[in-house]
Each structure stands twice: as structure tokens, then as C-alpha cells.
Amino acid sequence: MRVLGIETSCDETGLAVYDSERGLLAHVLHSQVALHAEYGGVVPELASRDHVRRTLPLLHRVLHAAACEPGHIDALAYTAGPGLLGALLVGGCIARSLAFAWGVPAIGVHHMEAHLLAPMLEEQRPVFPFVALLVSGGHTQLVLVERIGCYRILGESLDDAAGEAFDKVAKMLGLDYPGGPRLAELAAGGSPGRFALPRPMTTRAGLDFSFSGLKTAVGTVLRQLQSGPGGLAPGDRADLAASFQQAVIDTLVIKCRRALDVTGLRQLVLAGGVSANRELRERLRVEASTHDWEVFYPRAEFCTDNGAMIAYAGCQRLLAGEHDDLAVRALARWPMDTLAPVP
Ligand code: KG4
Ligand code: ZN
């Protein structure tokens, strides 16, 4: 089965063609970073309008790159949620219309399920069941994945998501949008041990997260540095960025270890935008080799939003016989544990 995937849930327009026999044939992406940069964050209306402009030119590019005609596409998969409603509607309307015109089925895909399955696009894949750490701009969740669609949320953030904390701290440090990758770059030149920051909720039992207090702690240190004699010294921002990044990573690692202990499983999947963070990947790789478990993550370009993961996730459900009716599905909120298991 050959599936065209369309991702438009936030600030990236991503399209891909996935073939269940031959694997990923092509994927293309347009990032709206430059569009939103001057506003310091995603402007939903601008995001929607840009998806309108980009999707069809990208469709031509991805079909060309995959050496496909529309007649070679067996089904469409599009992100139906969670995400920005206007942005989701653009991808959904285009996908649904193409499917109708081409006389093929379409399916609305859960964005976080797609992130979670993104490591399946790699040669080294996990085997069900496994634990997944989903860390994106909107979600921080530890999930027990029994099989596709069978998800038990073991723990999640009670306030800010990890990516959101990266973005907000980046803004405090005067970095441009998108903050996460910029903060990681700044942190690379800093000393992670200089400032003692909390590792939230690690001293009590459980698998939930909370990053808003950590963000406040960074703000307090920053104000103290700024109001000290001479103000901010060279290197202060990099040291604070590195200390913050280390605190987030320590917290995530402690909880992952705990989730593996609780479930008795030995495979961890890392997915979502923050899983592109090199320090986090490296720390988990070292942890895995010392504690005799395995860690799987997508290549960096499939950590952040992309069409390939949507085409893959949609394909798995279509192969199991699922597809939607003619309605366009768009859900700003959509809890992952309400998804139907794939038999
Ligand atoms: O999965 P994603 O592309 O979009 C959502 O579904 O939210 O994740 C975006 C989030 C942003 O908060 C971004 O700052 C963060 O992932 N991010 C990073 C890195 N790359 C992206 N955070 C830390 N380090 C990175 N290298
Ligand atoms: Zn995402």
C-alpha cells in the first residue's frame, strides 16, 4: 500500500510518500521558522495561511521525488490533531479533497501517535511492548506502548511541556524563536554544573513531570545575575542555559529509568521535537548501555514535525482496514489513550 502523508498541525508543512513494501519513498518539508521569527512564536493565523500556500507545491515535489503519479497513491493520511485548529483544517481539507478526487480512502492521524511510531521508519526498530518518552512543544508523556493504538499514559507533565520550557527559558535568555534548538546551541558552550537548579518531582514517587518551577528558578537566577555588580558577565547565559538543559535531561532520564523499572520493560523509544536534542540522545544512549536496556530514536529530521511519520502511522491503520468517512477531522485536543487499538 502506498500512502501520501500530510502534516500541518503547527508550523511545518510536511508531505511524504510511504510504501508498505518498499518503505519511505520521499519526504519534503517547509518550515515556517522565518515567518514566525519576528513575532517570537507561532502566530496561528499566519501558520494556516502559509500551509494553504505551501501544501500543493510540496505535493508536486514529493510525488516527483517519489517518482509517483497520483494514480499510484492508494490512500491519504493527514494529521487530524492535536494541534492548531486552523492549521489542521488546511491539511485535512486538502487531504480529504485529494482522496475524494482520486477515489481513494483517507484517514486522520493522531500527531503524537505518529511521533511515537517515527522510530519505526529506521532500520533499528523497537519491538512491542516498549516504553516511549514523548517530548514535544505541547506534550511530555511517558507511555506504555503495548501495540499500535494501545497506549497507557504512565506519567505526564502537570504544567509546561519540556519543549515549552526550553522555548520559554530561551526567550528569557534573549534567544530567538524557535528557542529549543537555540538554547541547546548556547548550552554547548556553557558549564552545566555552575547553577544548582531543581530536578522537579524526582524525589517523590510517580512518573509525572512539572517544568514550570524549573523555569521560574532560571528566571530567579537570571535576575540575580543581572542585578549583581557589573550585570551579566560573559558566559553567564551559556552557563545558565547548560545548567537548565542538564536539569531537564536529568529529570527526563530519572523518570525514564523509573518507567522501565515499573513496567519491567527494556526498550525505550524517544520521540517528539525535544528528542532532537543531542545531549539528551547521548545521555540516554550512555544510560542504556550501562543499564542494559535499549534506546531507539528517529533520525533528527523525523524528531520534529514531518510528513513521513504521518504517512507511516496512517499506513499502519489503513492496512488494518481502518479509514474515515467523508468528513474532515480536526481536533485541537485529542487524548492519545482514547485511540482504538490496531488488531
Ligand atoms: O514535535 P515538535 O516539532 O512540535 C510539536 O509537536 O510540538 O516539537 C517542537 C518542540 C519545540 O518546543 C522546540 O523548541 C523543541 O521541540 N526542540 C528542541 C530541540 N529541537 C526542537 N528542544 C531542545 N533541543 C533541541 N535540539
Ligand atoms: Zn510534533
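1. Helices here are DSSP runs of H or I with at least four residues, strands are runs of E with at least two, and both are numbered from the N terminus. In these terms, Ala300 sits in the loop between strand 10 (294-296) and helix 10. The model is a predicted one, and the points below should be read with that in mind.

2. On Ala300 itself: the residue has a relative accessibility of 45% and therefore counts as partly exposed. Its C-alpha atom is 8.5 Å from that of Asn277, although 23 residues along the chain lie between the two positions as a sequence separation. Asn277 appears again at ligand 1, where this residue is among those that come nearest.

3. The surroundings of ligand 1 deserve the reader's attention next. There are 17 residues around ligand 1, and the nearest are His115, Gly137, Asp167, Gly273 and Asn277. By class, the shell has four nonpolar, eleven polar and two charged residues.

4. Several polar atoms of the protein can be placed against oxygen atoms of ligand 1. For His115, a polar side-chain atom is 3.0 Å from an oxygen atom of the ligand. Gly163 contributes through its backbone, with a polar atom 3.1 Å from an oxygen atom of ligand 1. Gly273 also uses a backbone atom, an N or O that lies 3.0 Å from a ligand oxygen. How much of ligand 1 does the protein cover? Taken on its own, ligand 1 has 550 Å² of accessible area, of which the protein covers 85%.

5. Which elements give two or more residues to the shell around ligand 1? They are helix 4 (111-117), helix 5 (162-172) and helix 6 (179-187). Helix 5 supplies the largest share, three residues.

6. Ligand 2 is a zinc ion, coordinated by NE2 of His111, NE2 of His115 and OD of Asp305 at 2.0 to 2.1 Å. Along the chain, the donors follow the spacing H-x3-H-x189-D. His111 and His115 are four residues apart in helix 4, which means that about one helical turn separates them. Both histidines are buried. His115 is thus a zinc donor and also has a polar side-chain atom 3.0 Å from an oxygen atom of ligand 1.

7. Aromatic pairs come next. Four are found in a search of the whole structure. In one of them, Tyr18 and Tyr312 have ring centres 5.2 Å apart and planes at 80°, so the pair is edge-to-face. Tyr18 belongs to strand 2 (residues 12-19) and Tyr312 to helix 10 (residues 307-319), so the pair ties together parts 294 residues apart in sequence. Both tyrosines are buried.

8. How are the rings of Phe209 and Phe211 arranged, stacked or edge-to-face? Their centres are 6.0 Å apart and their planes at 15°, so this pair is stacked. Phe209 has a relative accessibility of 0% and so counts as buried. Phe211 is likewise buried, its relative accessible area being 0%.

9. The loop between helix 4 and strand 6 (130-135) contains Glu122. At 16% relative accessibility, Glu122 counts as buried, because the limit for that class is under 20%. The side chains of Glu122 and Arg299 are joined by a polar contact of 2.9 Å.

10. Pro129 has its place in that loop between helix 4 and strand 6 as well. The peptide bond joining Phe128 and Pro129 is cis, with omega about -5°. Another cis peptide bond joins Gly81 and Pro82, where omega is about -10°. Pro82 is in the loop between strand 4 (75-81) and helix 3 (85-102).

11. Two residues other than glycine with positive phi should be checked by eye. Phi is near 55° at Ala67, a residue of the loop between helix 2 (44-65) and strand 4. Ala67 has a relative accessible area of 65% and so is exposed. At Asp292, phi is near 60°, and this residue is found in the loop between helix 9 (278-291) and strand 10. With a relative accessibility of 62%, Asp292 counts as exposed.

Methods:
Residues numbered from 1 in each chain as written. Chains lettered and ligands numbered in written order. Predicted model: local features only at pLDDT ≥ 70, side-chain atom pairs only at ≥ 80, totals over all residues. Heavy atoms only, no water. Near = heavy atom within 4 Å. Polar contact = N/O pair within 3.5 Å; in protein donor to acceptor, adjacent residues only side chain to side chain. Areas by Shrake-Rupley, 256 points an atom, 1.4 Å probe, with all protein chains shown as cover. Nonpolar A, V, L, I, M, F, W, Y, C, P; charged D, E, K, R; others polar. Donors = N, O, S within 2.8 Å, 3.2 Å for Na, K, Ca; no water. Buried < 20%, exposed > 50% of the residue type's maximum accessible area, 1.4 Å probe, protein only. Phe/Tyr/Trp six-rings, centres within 6.5 Å; stacked < 30°, edge-to-face > 60°.
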